[in-house]
Each structure stands twice: as structure tokens, then as C-alpha cells.
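Here's a quick tour for anyone meeting this structure for the first time. Have a look at it, then read on for the main points.

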Amino acid sequence: MGTRAGVDRKGRQAVQVDTAQVETQQVHGVLIGELVTSDEPLNSSQEVLDLLGSFYPEHVDALILHEANLAPEFFQLRTRLAGEILQKLVNYRVKVAIVGDFQKYQSKALADFIYECNQGRQIFFVPTREEAITRLASG
């Protein structure tokens, strides 16, 4: 397993683990982890646990995932992949923001799910990384 680490001028820590690049940054006392790039999309709750482990020894309070980081089945609610992954994050008390363009999906069930998630305080679907940081760093 190959791992490389570094810190940029903004104080973000970047770590390369095998085929994934993760970063962390502290915003208003909240440690936010981000899966920046990955050769393979996440397609199981075990892969999410492995991702959380890649931040060790830190325990991230929040996680940014990009739409491209998730298997297409995540956005097909009938597969239950979204529920499986998001429930694992909730169980570990990790807030999550998923960044992407979700209006392209034609599913009313998915639109309703996204709406309900965005009304809460744990799971957010947002269009930009900046909005993800804002939502995750607020109490």
C-alpha cells in the first residue's frame, strides 16, 4: 500500500493512498475530510469505512464526496446503496456533503430523497465544494 502526505499553503493536508487522494482541513473547529480523486468509485459501505480509515490517526467530523466518487448505483435508490453508505456514515457520526449536479437524474424518488436530506443536519447534496464546506462547518 503506497501512501504519500503533504501540507499545502492553506493548511490542508493531502494524502495519496493507493489510487485515492484525500485531503483534510479544519474549518471552524470541524475537521473535514475530502475524497478528492479516486480511480474507482465507492460502491459499498465497507469501502466508505476504508476511506474513513485512510484519514487515520485523525477522526474526521465531516466528509466531502463528489458525485464522481460514487458508483452510479448510488443514485438508483432501488439498489439501496445510498442508504447503506449514508447509514454507515451516520452511525459513525460523520456528516457528509455530496457535491454534484443532481438535476440530471430523472427520478422523483431521488429528488425527494435529496430534498429531505438537505432539510436535516447530517447529509447534504450540494452543487459546489464551497457550499459543502459551509454546510459541514456550521453547527
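Let's start with how the chain folds back on itself: among contacts in the protein chain with a separation of 6 or more, 61% are between residues 24 or more positions apart. Keep in mind that this is a predicted model. The chain has four helices and seven strands, and 45% of its 139 residues count as buried.

**Overall layout**

- Going along the sequence, you'll meet the elements in the order β-β-β-β-α-β-α-β-α-β-α.
- The protein chain exposes about 8,100 Å², and 49% of that comes from carbon and sulfur atoms.

**The nonpolar cores**

- In general, nonpolar side chains in soluble globular proteins tend to be buried together.
- Here, the largest nonpolar core has 30 residues, and the ones touching the most other members are Leu-63, Leu-65, Phe-74, Leu-89, Ile-98 and Phe-125.
- Plenty of elements chip in: strands E3 (20–27), E4 (30–38), E5, E6 (95–99) and E7 (123–126), plus helices H1 (45–53), H2 and H3 (108–119), each supply at least two residues of this core.
- H2 gives the largest share, five residues.
- There's also a second, separate core of 13 residues, with Ile-32, Val-99, Phe-124 and Ala-137 among them.

**One side of helix H1**

- Which residues of H1 are buried? They are Ser-45, Val-48, Leu-51 and Leu-52.
- These residues sit on the same side of H1, because they cover an arc of only 110° around the axis.
- That fits a general rule: an α-helix has 3.6 residues a turn, so residues three or four places apart point the same way.
- The cover over the buried residues of H1 includes E3, E4, E5 and H2.

**Aromatic rings**

- How many aromatic pairs does the structure hold? There are five.
- One of them joins Phe-74 and Phe-75 edge-to-face, with 5.0 Å centre to centre and 70° between the planes.
- Both rings belong to buried residues: Phe-74 has 2% relative accessibility, and Phe-75 has a relative accessible area of 5%.
- Phe-102 and Phe-125 make another edge-to-face pair, at 5.2 Å centre to centre and 85° between the planes.
- Phe-102 is in the loop between E6 and H3 while Phe-125 is in strand E7, so this pair ties together parts that are 23 residues apart in sequence.
- Phe-102 is buried, at a relative accessible area of 12%, and so is Phe-125, at 5%.
- Step back and you'll find one aromatic cluster made up of Phe-74, Phe-75, Phe-102, Tyr-105, Phe-113 and Phe-125.
- Phe-125 has quite a list of contacts beyond its neighbours within four places in sequence: Phe-74, Phe-75, Leu-86, Ile-98, Phe-102, Phe-113, Ile-114, Cys-117 and Asn-118.

**A buried glutamate**

- Glu-67 is found in the loop between strand E5 (62–66) and helix H2 (81–91).
- Is Glu-67 buried or exposed? Its relative accessibility is 12%, so Glu-67 counts as buried.
- The Glu-67 side chain has a polar contact, at 2.5 Å, with the side chain of Tyr-105.
- Setting aside residues up to four places away in sequence, Glu-67 touches Phe-75, Ile-98, Val-99, Gly-100, Asp-101, Phe-102, Lys-104 and Tyr-105.

**Backbone details to look for**

- The peptide bond running from Tyr-56 to Pro-57 is cis, with omega near 15°, and Pro-57 lies in the loop between H1 and E5.
- His-28 isn't a glycine, yet its phi is positive, near 50°. You'll find His-28 in the loop between E3 and E4, where His-28 is exposed with a relative accessible area of 74%.
- Arg-80 also has a positive phi, near 70°, in a residue other than glycine. Its place is the loop between E5 and H2, and at 65% relative accessibility Arg-80 counts as exposed.

Conventions: Residues are numbered from 1 along each chain as its sequence is written. This is a predicted model: local features need pLDDT of at least 70, side-chain atom pairs count only at pLDDT 80 or more; totals for chains, interfaces and linings use all residues. Side-chain values use heavy atoms; hydrogens and water are left out. Buried means under 20% relative accessible area, exposed over 50%, partly exposed in between (1.4 Å probe, protein chains only). A polar contact is a pair of N or O atoms within 3.5 Å; within protein, one must be able to donate a hydrogen and the other to accept it, and residues adjacent in sequence count only if both atoms are side-chain atoms. Contact means heavy atoms within 4.5 Å. A nonpolar core is a set of buried Ala, Val, Leu, Ile, Met, Phe, Trp, Tyr and Cys residues joined through side-chain atoms within 4.5 Å. Rings of Phe, Tyr and Trp (its six-membered ring) pair if their centres lie within 6.5 Å; planes under 30 degrees apart count as stacked, over 60 as edge-to-face and the rest as tilted. The arc is that of the directions from the helix axis to the C-beta atoms. Accessible areas come from the Shrake-Rupley method with a 1.4 Å probe; for residues, only the protein chains shown count as cover.
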